[in-house]
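Please walk through this structure with me, moving from single residues to the way the helices and strands pack, and ending with the chain taken as a whole.

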Amino acid sequence: MSGDPAIMICVGATKAGTSSLYRYLHDHPDCHMRSVKEIHYFDTVENEDYAFQFDVFARLRADLVRRQDVARQNGNRWKVANLERQIKDVDEIVRILELGEDGVSDYLFYLLDGIGDKKLAGDITPGYGLLSEDRLRDMAHMAPDVRFVFLMRDPVERLWSHVRMQAKRQRRPGEEVAVKAKRIMNRVVNRDLEKHIAPRGDYAGIIEKLKRAVPEDKLLVGFTEDLLTGEGLGTLCRFLGIAERPVEKDPHAHEGVKLELSDKQRHEAARFLAPQYAYVEKTFGKLPAGWQANMARI
């Protein structure tokens with residue numbers, strides 16, 4: 001691998017600990033991570049989903065400005081400056097998106113701008129896992145040293161976390177998140193509906209696509225449960241070419257609303273996700289304990 005800074009692209013999975021990975025790399029002295037975790041350049045361009053993404057970033061920018069006003073009123077100058085940095089990053093991302101397919105060089109400049117003598121820059125956008133094989137192949141060769149990371153979280157836990165997130169976003173006034181989440185879960189596992197959720201956890205489909213598109217030595221697939229702890233952390237840091245730095249506290253995904261699956265729902269989800277468990281076990285060997293417990297319910 002070259003002596004130039006490496007670029008890491010984390011392509012998911014959704015609700016599989018990518019926020020924990022971002023926090024770890026953001027605070028790592030060898031890494032240069034921009035203040036916005038998910039840039040969404042390549043999925044926006046491929047899907048021509050500009051209107052939606054411009055709206056997302058407009059709402060994010062408005063929230064940042066509101067928080068900055070509050071910080072300014074409270075005399076918190078550090079927070080004002082930090083939020084200003086985030087606002088400028090949002091503005092730059094929007095400018096790059098406006099370039100469409102012609103924005104790749106600007107995207108790379110944005111990632112590397114200010115990197116100094118650090119070793120790694122990155123973009124952590126789980127939505128990239130749904131990109132086409134051709135797009136991923138282009139990304140793998142857009143710079144001399146591009147490395148891809150894909151995290152696998154226990155399929156049932158990942159799905160339930162994703163469902164709870166969707167329930168919170170979709171609920172109507174007066175609607176309970178718990179009721180909404182259970183209805184969404186039922187539509188996913190029993191009625192083959194909510195088709196935007198299951199593909200985010202299609203480990204078999206995404207990993208095989210990545211293996212075809214990305215050089216073998218530039219791809220790391222790891223278990224969420226292991227990657228930021230013990231030997232897994234060492235594996236991650238060696239792959240990224242950065243020093244191993246202990247994690248101050250146990251990493252965890254953004255769990256959102258705390259709701260428990262019933263035994264019946266957990267069994268239905270495990271049965272629905274049986275092909276994912278089988279693929280991962282066949283491809284990567286022994287599964288983490290939590291995976292084995294849910295797999296036993298199939």
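Glu48 counts as exposed because its relative accessibility is 63%, over the 50% cut-off used for that term. In this predicted model, Glu48 sits in the loop that joins helix H2 (41-47) to helix H3 (50-73), and Glu48 has a positive phi of about 50 degrees although it is not a glycine.

Lys15 also has a positive phi, of about 60 degrees, and it too is not a glycine. Is Lys15 buried or exposed? Lys15 is buried, since its relative accessible area is 14%, and the cut-off for burial is under 20%. Lys15 is found in the loop between E1 and H1, and Ala13 lies in that loop, which runs from strand E1 (6-10) to helix H1 (18-26). The backbone has a further feature here, for the peptide bond from Gly12 to Ala13 is cis, with omega near 5 degrees.

From this loop one can step to His162, a residue of helix H7 (residues 155-170). With its neighbours within four places in sequence left aside, His162 is in contact with Thr14 and Lys15, and also with His196, Ile197 and Arg200. His162 counts as buried because its relative accessibility is 2%.

Gly201 lies in the loop between H8 and helix H9 (203-213), and at 7% relative accessibility it counts as buried. Which residues does Gly201 contact, once neighbours within four places in sequence are left aside? They are Arg158 and Gln276. Gly201 and Gln276 are 75 residues apart along the chain, yet their C-alpha atoms are separated by 8.3 Å.

Helix H12 (residues 263-272) has as its buried residues Gln265, Arg266, Glu268, Ala269 and Ala270. These buried residues of H12 pack against H7, helix H8 (177-191), helix H13 (274-284) and helix H14 (289-295).

Another pairing of segments can be followed from Leu64, which lies in helix H3 and is buried, with a relative accessible area of 1%. Setting aside neighbours within four places in sequence, Leu64 is in contact with Leu83, Gln86, Ile87 and Val90. Between Leu64 and Glu84, which are 20 residues apart in sequence, the C-alpha to C-alpha distance is 8.1 Å.

The next step is to the nonpolar interior. In soluble globular proteins, nonpolar side chains tend to be buried together. Here the largest nonpolar core has 90 residues, and those with the most contacts inside it are Ile9, Leu25, Tyr107, Tyr128, Met142, Phe148 and Phe150. Helix H4 (residues 77-98) gives the most to this core, with eight residues. Tyr107 may serve as a point from which to look around: not counting residues up to four places away in sequence, Tyr107 touches Ile9, Ile39, Tyr41, Phe42, Ile96, Asp123, Tyr128 and Met142.

Helix H11 (residues 230-240) offers another view of packing, as its buried residues are Gly232, Leu233, Gly234, Leu236, Cys237, Phe239 and Leu240. Which elements are included in what covers the buried residues of H11? Among them are E1 and H1, together with strand E3 (120-124), strand E4 (146-152), strand E5 (219-223) and helix H10 (224-227). Just after H11, Gly241 takes a positive phi of about 75 degrees.

These details can now be set in the whole chain, whose secondary structure comes to 14 helices and five strands. Of the 298 residues of the protein chain, 49% count as buried. When contacts between residues at least 6 apart in sequence are considered, 76% join residues at least 24 apart. For 298 residues, a compact globule would have a radius of gyration near 19 Å, and the 20 Å of the protein chain agrees with this. Taken along the principal axes, the C-alpha atoms fill a box of roughly 50 × 50 × 40 Å.

As for the surface, the protein chain exposes about 14800 Å², of which carbon and sulfur atoms supply 50%. The protein chain has 47 positive and 47 negative charges, and the mean positions of these two sets are 6 Å apart.

Technical notes
Residues are numbered from 1 along each chain as its sequence is written. This is a predicted model: local features need pLDDT of at least 70, side-chain atom pairs count only at pLDDT 80 or more; totals for chains, interfaces and linings use all residues. Side-chain values use heavy atoms; hydrogens and water are left out. Helices (H or I, at least four residues) and strands (E, at least two) are DSSP runs, numbered from the N terminus. The radius of gyration is taken over C-alpha atoms; the globule rule is 2.2 Å times the number of residues to the power 0.38. Buried means under 20% relative accessible area, exposed over 50%, partly exposed in between (1.4 Å probe, protein chains only). Contact means heavy atoms within 4.5 Å. Accessible areas come from the Shrake-Rupley method with a 1.4 Å probe; for residues, only the protein chains shown count as cover. Lys and Arg count as positive and Asp and Glu as negative; His and the chain ends are not counted. The place of a charge is taken as NZ of Lys, CZ of Arg, CG of Asp or CD of Glu. A nonpolar core is a set of buried Ala, Val, Leu, Ile, Met, Phe, Trp, Tyr and Cys residues joined through side-chain atoms within 4.5 Å.
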